[in-house]
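Biologist: Before I rely on the vocabulary of this model, I should like each term to be justified. May we go through them in turn?

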Amino acid sequence: MRFDLPNGSHVQALRDVSLTLNTGELLSVLGPSGCGKTTLLNIVAGFLAPTEGQITLNGTRVTGPAAERGMVFQQGALFEWMSVRDNVSFGPRMAGQREAQWKGAVDHLLDVVGLRDFKEKAVYELSGGMQQRVALARCLANDPDVILMDEPLGALDALTREKMQGLVLKLWKETGKTIILITHSVEEALLLGERLLVMAPRPGRIHREYRLPFAEMGAGQDLRLVKKHPDFAARREEILSMIWDMEEEIMGRNVEAGA
Amino acid sequence: MIPLMLIYLAIFGGSFVLIRLALRRLRARHDFTSLKTVTFGDESAVRPDRLASVISVLTIFLIWGAFTGSAWAPIHVPGPFVGETRFTYIVEAADGARDEATVFATVSPAGETGTAPEVAPGDGFARDDAVTVGAWRSVLVTWDDNDAATRADGAKVVAIEGQPVQPGDTVETAAGRVTVTARGTLNYAPPKGLQMEPIWLPPPEAVVARVAEIAASGYQNFTLWEHLGWSLYRVIAGFLLGALVGIPLGYAMGLSGWFRGWFDPIVEFMRPVPPLALIPLVIIWAGIGEAGKIILLFLAALWIMTIAARAGVSGVAISKVHAAYSLGASKWQILRHVIVPNSLPEIFTGARVAMGVCWGTVVAAELVAAEKGAGMMIMVASRFQLTDVVIMGIILIGIIGYGIDILMRIAEKWLVPWKGRV
């Protein structure tokens, strides 16, 4: 992934990012700001065309956005002119399904994400956490093969966030979807990442990959217990210092460049 | 002018003191806003005092009534003098002899002609005169008509009410202002008072009576409702045509680089051209009939609606479009279900502006040339100095413009309930 800038120079946003994701895997991507996490996700989603390499899903090459790759955004990106139910049923309705076809699934999803009593509400009447639940349900209602999450819990407060992490794990276990989750929280990446990708900046590249047991442990269990696991603290320290070093390096380079 | 402003400020301050301080107890509120201690600088804590609005409107009518001698106003500023009065003058004959005479003046109310009183000629060679004059008017007193010594004989007025004068001098007497003209006659103007002549500013009841009269019998071949209805029809027709073309054009400019490139210079050039500047061209091209008016209003609304729709498209958060694409929506579905609803708040804002501009433009266009319409009504009335019709027209134009804006706001609240809450 490389693009020109208006001043004639160019940016190498990503280089040599190759990985294979199996069905049902939950991959979290972590890295310092500016390491190309969001660019990578946009390429996978089909919003950006890579300059080199390709994305393949189920044997076909990705050339643009499609219903097979659902997306959950940081701010929900809900349609506030529709009720909660209309938001969640947007995908099926656009695919031309009748209400009888989608009604059962949509109602079930709204129950699962805990919005049983809010189905007819306008989305602007909901709190941030509830809006994010709607966004999750809307994505799941479309039954995508892969769910892409771009810092989906980043805008929530700490308490709501913890609850939502449990919900994501639960949905992942229940539906068996493949999930790619971008985050800037080390704890979240550890908790939710069955596989964890740490990326390094300039150019964006895979720095290190982990396979972690915590997501499996956390599914159906109290997440606070998982956090008390001795390995959890050790991993967190390890990754934190890794990212810390990268940030230091960036800043150091900036100082040198400035001097 | 300055006393008027002082009176206005006094009413403003006086009613503030009276209402806000004296009636504070009675009007105490106990809602959340009333608990805010910081109100100076917190715009959300500033609530319009509706009692102040009522007093404000009443004050305007009071001042209007007081300065026009309205029957509705409880107080009046001094009106013009009406009744009988007199002043004296001294004539000096060619031989130096002096004699005093009196001018008896009858000042009749405005619009009426009085009859001059019969006066005894008095003694001496200068005889007493009688004149009649309407309020706010003046009259030329040829004092020598009945005198033994005339101006042709060399007699001249040397003093008025005891004050010596020469031709060109003006004397303020208790009876009014007397000027000695260059030819030696006297120009007499009774005191005007502070009230306005009806021809400048009619009293409110005259305007109301005129509304009733024109509503019943019409004006210039059309009833009042036809005049207003035609103006409204032109506005609505022009606005709808402008919206019908402008909104799709704005969408196209927001969605396609070619459209934006093609129409940008046209739109950006036409936008700052005031529609009023197009009136002459439109009259040359389309005449003064309905077609010309509607073309003008179409042009007034077109650019505003185009820019509003374009802004509406650019205001769509890209994540919403991305979300819709990754939910499998087609381009057409995204336009229909995401871009159009998301641009509605902008389009409503544009529509409110456009309706306001159209209403102003239609009145201006009718002022220039029209057979019917609110603007034509006041233009024709002003030619005949029918100030009450002019004021009636201005008030009705204001009420309709305000009503249009209120209707648009209600429609907006109903159609775009999420505005400002996202």
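The exchange below takes up the terms one by one.

Modeller: This is a predicted model, in which local features need pLDDT of at least 70 and side-chain atom pairs count only at pLDDT 80 or more, while totals for chains, interfaces and linings use all residues. Residues are numbered from 1 along each chain as its sequence is written, and chains are lettered from A in the order in which they are written.

Biologist: Why is chain B called more spread out than a compact globule?

Modeller: The radius of gyration of chain B, taken over C-alpha atoms, is 33 Å, well over the 22 Å that the globule rule (2.2 Å times the number of residues to the power 0.38) gives for 422 residues, so chain B is more spread out than a compact globule. Its C-alpha atoms fill a box of roughly 115 × 65 × 40 Å along the principal axes.

Biologist: What makes helix 9 and helix 11 of chain B roughly antiparallel?

Modeller: Helix 9 (residues 331-368) and helix 11 (residues 387-415) of chain B pack at an angle of about 170°. Angles over 145 degrees count as roughly antiparallel, and the two helices are therefore described in that way. Their axes, lines fitted to C-alpha atoms over the stretch in contact, are 10 Å apart.

Biologist: Which residues of helix 9 of chain B make the contact?

Modeller: Among them are Phe348(B), Met355(B) and Trp359(B), and helix 11 of chain B contributes residues including Ile404(B) and Met408(B). Two residues are in contact if their C-beta atoms, placed from the backbone, lie within 7 Å.

Biologist: How many residues of chain B are in contact with chain A?

Modeller: There are 17, set against 21 residues of chain A. Helix 8 of chain B gives the most to that side, with six residues.

Technical notes
Axes fitted to C-alpha atoms, helices over the stretch in contact; angles between N-to-C directions. Helix = DSSP H or I, 4+ residues; strand = E, 2+ residues; numbered from the N terminus. Parallel < 35°, antiparallel > 145°, perpendicular 65-115°, else oblique.
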